[in-house]
Every structure is written in C-alpha cells, then in structure tokens.
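Trainee: I am new to this structure and would like a close look at a single part of it. Could you take me slowly through the pocket and the helices?

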Amino acid sequence: VSTQSTWAKPRQALAELASCFVSALNTVIRTLKNRDLQRQLQGEPRHFWIIESADDFMVQVASRCDKWGSEPWTSVDFTTMYTALTHDLLLNDVFAACQTAWQWETNQRLTVSQNLTTPTLCSDGWQELPTTPD
C-alpha cells in the first residue's frame with residue numbers, strides 16, 4: 001500500500017470539509033450583512049464592517065468621514081491581530097455569529113411566510129426543514 005494513497009483520503013476529506021465550512025460561513029456573513037443593512041435602513045447604527053477589499057474600505061471611510069468629526073486617525077498592523085486570538089475566543093465568536101444569523105433568518109422566514117420552518121445552514125446556503133410540533 002502506497003503512503004501517498006493512504007494520506008490522500010484524509011487530506012481530501014479535510015479539504016472537502018474546509019470547503020463546506022467556508023461556504024457555510026460565507027452564508028453567515030451574507031446574512032449578517034443583510035441584517036445590518038436592514039437595521040441601518042431603520043435608523044440604527046451599523047454594528048460591524050466586513051471589508052473585502054481596500055476599495056471597499058475606502059468607500060466606507062469616505063462615506064462616513066464627516067460623521068467622525070475630529071476623532072484622531074490611527075493605523076494598526078493587522079497582520080498579527082488574528083494570530084493572537086485564542087481558539088476559545090474565536091470558536092465562541094463564530095458560534096455567536098452563527099446563532100445571530102440563524103435567529104435573524106428564522107425571524108425573516110416567519111415574517112414572510114408565517115409558517116413554522118427551521119432554516120438549516122448548509123454549504124449552499126440556508127435550507128428549510130419543516131418544524132414538527134411537539
């Protein structure tokens with residue numbers, strides 16, 4: 001038995017799992033962005049920023065610089081920020097983000113359809129599973 005084929009299956013399984021996890025987390029991010037946008041349209045302050053590019057950052061800063069007044073600007077080296085996070089903190093915050101997204105998605109579905117459905121987070125987005133009454 002070749003070592004290469006023995007290691008290929010676990011590596012392939014981990015790569016597939018990582019791909020599903022990234023897709024699911026992207027769904028959470030999209031949901032949280034939609035939630036934040038809806039709250040902003042209702043006059044609430046923005047709760048977080050998800051910056052996907054330098055251009056996105058500059059658009060966000062330019063559109064809000066007049067609201068920050070005379071606050072001093074500072075720069076931070078973000079290259080080491082994420083490596084300093086503890087795994088427990090990271091897991092707790094990802095779990096909290098998933099819970100918040102799930103709760104908002106559930107409320108959106110109830111508002112739209114008035115049906116009792118439970119959204120399930122899948123690699124290709126939210127899917128509805130019927131809720132069985134107790």
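Mentor: What follows starts with the largest pocket and then turns to one helix and one residue.

Please keep in mind that this is a predicted model. The largest pocket has a volume of about 560 Å³, and 18 residues line it, with Ile29, Leu32, Ile50, Val94 and Ala97 lying nearest its centre. Sorted by character, the lining of the largest pocket consists of 15 nonpolar residues, 1 polar residue and 2 charged residues. Two helices, α1 (3-41) and α3 (87-113), each supply at least two residues of this lining, and α3 gives the most to it, with 7 residues.

Helix α1 also holds threonine 31, which has a relative accessibility of 5% and therefore counts as buried, since buried means under 20%. If we leave aside the neighbours within four places in sequence, threonine 31 is in contact with Ala101, Trp104, Glu105 and Trp126.

Helix α2, which covers residues 54-64, can be read by its two sides. Gln60, Val61 and Arg64 are its buried residues, and, seen down the axis of α2, these buried residues fall within an arc of 95°, so they line one face of the helix. On the other side of α2, by contrast, Ala54, Asp55, Val59 and Ala62 are exposed.

Notes. Residues are numbered from 1 along each chain as its sequence is written. This is a predicted model: local features need pLDDT of at least 70, side-chain atom pairs count only at pLDDT 80 or more; totals for chains, interfaces and linings use all residues. Side-chain values use heavy atoms; hydrogens and water are left out. On a 1 Å grid over the protein atoms alone, a cavity is a set of points where a 1.4 Å probe fits but cannot get out, and a pocket is an open set with protein on both sides within 12 Å along at least five of seven lines; lining residues have an atom within 4 Å of a point. Grid points are joined across faces, edges and corners, and a volume is the space filled by probe spheres set on the points. Helices (H or I, at least four residues) and strands (E, at least two) are DSSP runs, numbered from the N terminus. Ala, Val, Leu, Ile, Met, Phe, Trp, Tyr, Cys and Pro count as nonpolar, Asp, Glu, Lys and Arg as charged, and the others, Gly among them, as polar. Buried means under 20% relative accessible area, exposed over 50%, partly exposed in between (1.4 Å probe, protein chains only). The arc is that of the directions from the helix axis to the C-beta atoms. Contact means heavy atoms within 4.5 Å.
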